[in-house]
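Hi everyone, thanks for coming. I'd like to walk you through a structure that is new to most of you, so please have a look at it with me.

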Amino acid sequence: MENIRIINFPSMKMVSSGPITNEKELDEFDNWWSKIDMKDYITPRDFMYHDKERNCMIWLIAIPKGFDDVGKYEMINFFGGLYAVGTAKDGDETDMNQTKNMISQWIKDSGCFEETNERHGMAHICTPKIFKEKMGYHLTDFFVPIIVK
């Protein structure tokens with residue numbers, strides 16, 4: 001369980017894709033944010049989560065300060081906070097579920113952190129395209145929101 005990392009995100013502006021319910025909406029948002037020059041900005045900068053109330057995916061992109069051309073998308077305040085993070089083979093449901101369970105168990109065993117429902121858990125594909133070309137798969141980081149007990 002030593003493979004769990006703790007990340008502390010600052011509060012920042014992000015752009016939300018809004019509900020993504022099909023491949024077209026996913027591609028549109030991907031094409032929009034991929035054109036933003038962010039070579040000198042934080043990494044990772046994009047995250048996805050499942051919105052249970054609307055039963056859809058939401059894609060968030062952290063944007064550089066001063067950026068305000070959000071097109072048809074919505075600028076939101078991301079409040080940041082602590083996240084426990086683990087990595088799994090993207091698309092491998094068994095590995096992804098084991099990783100999520102390992103994160104939850106690590107949090108319980110830590111004695112000083114607990115999961116919170118005040119923020120969404122998120123995911124981020126953390127490998128570049130060349131990794132998938134050579135290995136045949138991506139790796140995904142899972143971010144579980146936590147608070148200090």
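Let's begin with F29 and Y73: both are buried, where buried means under 20% relative accessible area, exposed over 50% and partly exposed in between, using a 1.4 Å probe and protein chains only. Before I go on, a word on where this comes from: the model is predicted, local features need pLDDT of at least 70, side-chain atom pairs count only at pLDDT 80 or more, and totals for chains, interfaces and linings use all residues. Residues are numbered from 1 along each chain as its sequence is written, and side-chain values use heavy atoms, with hydrogens and water left out.

Back to our pair. How many aromatic pairs does a search of the whole structure find? The search gives 14, counting rings of Phe, Tyr and Trp (its six-membered ring) with centres within 6.5 Å; planes under 30 degrees apart are stacked, over 60 edge-to-face, and the rest tilted. F29 and Y73 have ring centres 4.8 Å apart and planes at 80°, so they are edge-to-face. Because F29 sits in helix α1 and Y73 in the loop between β4 and β5, this pair ties together parts that are 44 residues apart in sequence. By helices and strands I mean DSSP runs numbered from the N terminus: H or I of at least four residues for helices, E of at least two for strands. F29 and Y73 also belong to one aromatic cluster with W32, W33, W59 and F67.

Now meet a neighbour, S17, in the loop between β2 and α1 (23-34). Is S17 buried or exposed? With a relative accessible area of 12%, S17 is buried. Leaving aside residues up to four places away in sequence, S17 touches F29, I58, W59 and Y73, a contact being heavy atoms within 4.5 Å.

Helix α1 takes part in some charged pairings too. The whole structure has four salt bridges, each a side-chain nitrogen of Lys or Arg within 4 Å of a carboxyl oxygen of Asp or Glu. In one of them, E28 meets K24 at 3.3 Å, N to O; both lie in helix α1, four residues apart, about one turn of the helix. K72 also forms a salt bridge with E28, with the closest N and O atoms 2.9 Å apart. That pair links distant parts of the chain, K72 being in the loop between β4 and β5 and E28 in helix α1, 44 residues apart. K72 is exposed, at 62% relative accessibility, and K24 is exposed at 58%, while E28 is partly exposed at 28%. Through shared partners, K24, E28 and K72 join into one network.

Finally, the interior. The largest nonpolar core has 14 residues, and those with the most contacts inside it are F9, M14, F78, Y83, M122 and F143; such a core is a set of buried Ala, Val, Leu, Ile, Met, Phe, Trp, Tyr and Cys residues joined through side-chain atoms within 4.5 Å. Which strand gives the most to this core? That is β4, with four residues. Apart from this core lies another, of 12 residues, among them F29, W33, M38 and I63. So F29, where we started, turns up here again.
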